[in-house]
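Here are some exercises to work through with the model open beside you. Try each task before you read the solution under it.

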Amino acid sequence: MKLRTTLCFLLPIVKSALSYKTQLHQRDDLASSPPYYPSPWMNPKALGWEEAYKQAKDFVSQLTLPEKVNLTTGTGWQGEQCVGQVGSIPRMNLSALCMQDSPLGVRFGDYSSAFSSGQTIAASFDRDLMRRRGEAIGAEHRGKGVTVMLGPVAGPIGRTPDGGRNWEGFSPDPWLTGEAIAHTIVGVQNAGVVACAKHYIANEQEHFRQVGESQPRGYNITESMSSNIDDKTMHELYLWPFADAVRAGVGSVMCSYNQVNNSYACQNSKLLNGLLKSELGFQGFVMSDWQAQHTGVASAVAGLDMSMPGDTEFSSGKSFWGTNLTLAVLNGTLPEYRLDDMAMRIMAAFFKVGFKVNEQPKINFDSWTLDTFGPLYYSANEGHQQINWHVDVRGENGEHGKLIRESAAKSTVLLKNEGALPLKKPKFLAVIGEDAGPSGWGPNGCDDRGCNAGTLAMGWGSGTANFPYLITPLDALNFRAADDGTRVEAVLNNSATTQIEKLVAQESATALVFVNANSGEGYIDVDGNEGDRKNLTLWANGDELIKNVSSICNNTIVIIHSVGPTLVTDWYNSPNVTAILWAGLPGEESGRSIVDVLYGDVNPAARTPFTWGGKQEDYGAEILSELNNGEGAPQLEFSEGVFIDYRYFDKKNITPIYEFGFGLSYTTFEYSDIAIEKQEVGNYTPTTGETAEAPTFNPGNFSTDLADYLFPNGSFPYISRYIYPYVNTTASAAEASQDPFYGSTAEEFLPSNAIASSPQPLEPAGPGLSDEPGGNPQLWDVLYTVSAKITNTGDLKGDEVPQLYVSFGGPDDPPVVLRGFDRLAVEPGQTVEFRANLTRRDLSNWDTESQNWVVRDHVKTVYVGPSSRKLTLKATLD
Ligand code: NOJ
């Protein structure tokens with residue numbers, strides 16, 4: 001019995017050793033990830049983190065070993081109320097920290113809002129709106145007692161148009177995603193909750209992200225897929241927005257399910273220790289995605305700080321950390337400083353956003369039931385008491401609903417308009433399509449929105465929230481029609497061809513056809529879409545519906561709700577299709593926001609945050625949906641490099657239907673007078689120097705007697721399947737440190753330098769010791785300021801989104817890349833100035849030799865225009 005329990009402690013450590021060795025053994029011929037050790041410890045002087053560091057140090061210095069471990073390890077799947085919770089420290093008045101989805105609202109909440117998706121808000125090109133949305137979502141989480149909101153998303157960035165979770169993020173353009181994630185994070189953290197930038201990194205498809213998800217579908221794999229990416233692509237594309245997130249002060253980062261270059265993202269030392277914590281100087285903590293941790297000590301030394309949800313398999317009661325982390329420190333496998341650093345990073349993020357230990361908001365909701373009373377420990381079905389207080393967090397006087405309506409309207413892209421819009425008291429509206437109406441199952445009828453019924457206002461998976469209400473397009477159209485004296489009839493069944501044809505054939509009919517395309521997270525398969533979309537066509541025969549209606553009605557207006565581009569090729573050019581709108585995933589105010597745009601109460605100004613291609617092949621990069629490495633990790637080569645979305649279309653000279661950045665208005669604008677101001681800045685100097693030695697706050701200040709780490713019987717009840725930091729045997733620490741398979745010591749199975757505590761060199765592209773995290777501060781030096789004049793030449797006031805593109809001029813560079821934008825309100829006849837700064841980073845390529853950013857000599861051209869293919873104004877940088 002005793003031996004069995006001891007072995008049980010050892011197994012995860014042994015497993016780390018085993019998988020480390022097997023990896024080395026099996027993967028010589030595949031892409032590999034270089035080691036990067038030791039794991040960087042926090043820097044007390046990092047700009048913006050000094051105060052948080054001091055508070056964290058004061059707190060962490062007082063903790064016992066199990067208390068520190070308790071901060072790092074979740075209590076297990078459905079262990080408590082939040083999707084993830086780490087243990088409390090009652091002695092210090094710290095209650096459990098609550099991690100909760102999602103990027104668009106409080107997942108599983110009631111009396112909370114369903115905001116527009118990230119991708120939808122990216123289309124607004126409106127930084128202020130991004131921040132305000134972040135603030136409101138953050139405030140709702142704070143109001144429910146959440147500590148860490150699990151969002152926003154920059155991975156997936158949207159390598160392929162059919163990636164299942166693209167809508168949770170922002171845009172396949174890294175610059176736009178960088179702006180959007182940074183402004184969202186500032187908003188969320190201003191509201192007093194920690195944001196979590198996820199999924200780090202290259203989590204670009206749902207297929208094969210997890211073995212447990214793939215096997216039941218007949219994919220016989222034993223490891224998660226590997227995203228194989230070269231260093232340059234990593235920096236210039238996938239890492240770029242995470243750098244913005246770190247610079248915006250994000251408190252946490254979630255590592256992803258996939259492997260990167262054949263090393264799991266949550267134990268990939270190059271990604272976590274190297275890129276994130278060293279090169280970007282990230283001072284917050286890294287948590288694993290749910291079950292994305294695969295080893296114990298190996299993940300700890302590679303830079304993971306928090307194990308989520310804490311158990312190895314959901315509700316198994318076993319953990320790679322918890323007890324094992326306690327033992328790993330006791331037996332010397334893991335240096336104490338690494339555990340201190342995990343605790344420091346978690347608590348620094350906590351203090352940074354303004355939490356106080358004695359005044360934490362109470363967790364007043366439960367993820368697993370909306371019942372008022374129930375088990376606090378859901379998995380164990382123990383601790384029956386009040387668990388839901390049904391707190392309304394939607395702001396004063398429906399404030400958040402108003403913001404959602406405003407954001408969705410400001411994010412609706414007008415793709416085509418042959419004078420059909422705005423509507424002016426139309427005589428007769430024929431509203432067609434199930435996407436115009438409610439779902440027969442109710443807005444929250446399918447768990448995590450895992451079905452496609454009624455109007456589409458969010459995708460499916462963990463990136464969702466419950467709708468407090470859902471105003472459908474038909475609801476809002478009916479109310480507007482009643483005010484205007486318009487006649488409205490709707491046919492919501494896409495297959496009711498006879499009724500539809502009869503309706504739209506009537507004289508003076510304006511047909512509004514609502515269609516959609518959905519996707520979501522990989523654990524749910526909707527109609528054969530295993531998270532990722534099967535294809536880019538509209539769902540429920542939407543394309544046929546449009547073709548049919550527009551063959552009869554010469555004023556057919558199409559409204560698309562979707563998770564990304566769809567193929568509009570067959571019908572967009574029909575003269576009878578008089579207008580097309582993309583309304584993304586608008587959230588609860590769907591109906592009112594689309595009516596605002598259709599009737600011109602909001603003059604559209606949004607721009608498509610991705611390219612609309614004529615056919616799927618036009619996008620180049622593809623999802624891997626078939627196994628290509630036997631039972632081993634499927635290998636997804638990111639061989640297209642930085643050429644995704646518009647960069648690929650431009651490079652290959654493929655004409656898209658609607659290019660990235662395109663969107664119309666009800667008024668017109670003219671661009672003129674481009675000017676360049678060169679700013680005086682010094683030469684770029686790579687960062688030099690080294691870190692301090694790894695600090696320990698109460699060195700050696702713990703007992704090595706295992707008896708002191710037994711569960712404190714009598715202090716509080718033992719909950720089954722709950723992950724604790726305590727040991728349940730008193731076998732010797734020395735015994736526990738042995739590896740029975742190899743007879744080797746920890747030093748032998750851990751990579752060299754993995755537990756070094758001596759000062760470490762700083763990265764040349766990284767921040768210096770007193771700098772702000774994000775990278776070498778000189779990367780943000782402004783080298784040029786570009787300006788241009790924008791005149792509203794129409795009769796209506798409206799917003800315009802001028803965009804700044806740069807051509808780097810090198811043979812391997814994309815023809816143009818986005819490097820600036822603004823959303824400016826312009827009165828009819830008025831001229832306003834657009835100004836955008838070009839930083840050193842904006843003009844640099846990643847140089848793999850020097851491991852730094854370099855402005856190459858090629859002549860650089862800048863363009864200002866209303867889209868990526870309407871580059872109206874041009875100038876050269878000297
Ligand atoms: C898995 C998802 O990938 C992640 O985005 C989410 O935050 C966690 N599950 C928790 O629900």
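**Exercise 1. Cysteines without and with a partner**

Task: Start with Cys-196 and find out whether this residue is buried or exposed.

Solution. Cys-196 has a relative accessible area of 0%, so this residue is buried. (Buried means under 20% relative accessible area, exposed over 50%, and partly exposed in between, with a 1.4 Å probe and protein chains only.) A quick word on the ground rules: this is a predicted model, where local features need pLDDT of at least 70 and side-chain atom pairs count only at pLDDT 80 or more, while totals for chains, interfaces and linings use all residues. Residues are numbered from 1 along each chain as its sequence is written, and side-chain values use heavy atoms, with hydrogens and water left out.

Next, take Cys-553: at 3% relative accessibility, this cysteine counts as buried.

Task: How many disulfides does the structure hold, and how do the bonded cysteines pair up in sequence order?

Solution. The count comes to 3 disulfides, a disulfide being a pair of cysteine sulfur atoms within 2.5 Å. Number the bonded cysteines along the protein chain and the pairing reads 1-2, 3-4, 5-6. Cys-196 is in no disulfide, and the nearest cysteine sulfur, that of Cys-255, is 9.1 Å away.

**Exercise 2. The three links one by one**

Task: For the link of Cys-82 and Cys-98, work out the handedness and which parts the pair ties together.

Solution. Begin with the sulfurs: Cys-82 and Cys-98 are joined with S to S 2.1 Å. The angle about the S-S bond is -105°, and the link is left-handed. Now place the ends: Cys-82 sits in the loop between helix 3 (65-72) and strand 1 (84-86), and Cys-98 in strand 2 (residues 97-100), so the pair ties together parts that are 16 residues apart in sequence. (Helices, H or I with at least four residues, and strands, E with at least two, are DSSP runs numbered from the N terminus.) Both Cys-82 and Cys-98 are buried.

Task: Do the same for Cys-255 and Cys-266.

Solution. This disulfide has S to S 2.1 Å. With 110° about the S-S bond, the link of Cys-255 and Cys-266 is right-handed. Cys-255 belongs to strand 6 (residues 252-255), while Cys-266 is in the loop between strand 8 (263-264) and helix 10 (269-279), so the pair ties together parts 11 residues apart in sequence. As for cover, Cys-255 is buried at a relative accessible area of 0%, and Cys-266 counts as buried at 1%.

Task: Which hand does the link of Cys-446 and Cys-451 have?

Solution. Cys-446 and Cys-451 are joined with S to S 2.0 Å. The torsion about their S-S bond is about 90°, so the disulfide is right-handed. Cys-446 has 13% relative accessibility and counts as buried.

**Exercise 3. Around the ligand**

Task: Which residues come closest to the ligand, and how much of the ligand does the protein bury?

Solution. First, collect the shell: 13 residues surround the ligand (each with a heavy atom within 4 Å of it), and the closest are Asp-101, Arg-165, Lys-198, His-199 and Asp-289. Sort the shell and you get 4 nonpolar, 2 polar and 7 charged residues.

Then look at individual distances. A polar side-chain atom of Asp-101 is 2.5 Å from a ligand oxygen, and one of Lys-198 is 2.9 Å from an oxygen atom of the ligand. For His-199, an N or O atom in the side chain lies 2.6 Å from a ligand oxygen. Finally, the ligand taken alone exposes 300 Å², and the protein buries 96% of that.

**Exercise 4. Two enclosed helices**

Task: How many residues of helix 9 are buried, and what covers them?

Solution. In helix 9 (residues 240-247), 7 of the 8 residues are buried, so this helix is largely enclosed by the rest of the structure. Among the buried ones are Trp-240, Phe-242 and Asp-244. Their cover includes helix 6 (174-190), strand 4 (194-200), helix 8 (231-238) and strand 23 (817-821). Just after helix 9, Gly-249 takes a positive phi of about 90°.

Task: Now how many residues are buried in helix 12?

Solution. For helix 12 (residues 323-330) the count is 8 of the 8, so helix 12 is largely enclosed by the rest of the structure. The buried residues include Thr-323, Asn-324 and Leu-330. Just after helix 12, Gly-332 has a positive phi of about 85°.

Key:
Polar contact = N/O pair within 3.5 Å; in protein donor to acceptor, adjacent residues only side chain to side chain. Areas by Shrake-Rupley, 256 points an atom, 1.4 Å probe, with all protein chains shown as cover. Nonpolar A, V, L, I, M, F, W, Y, C, P; charged D, E, K, R; others polar. Contact = heavy atoms within 4.5 Å.
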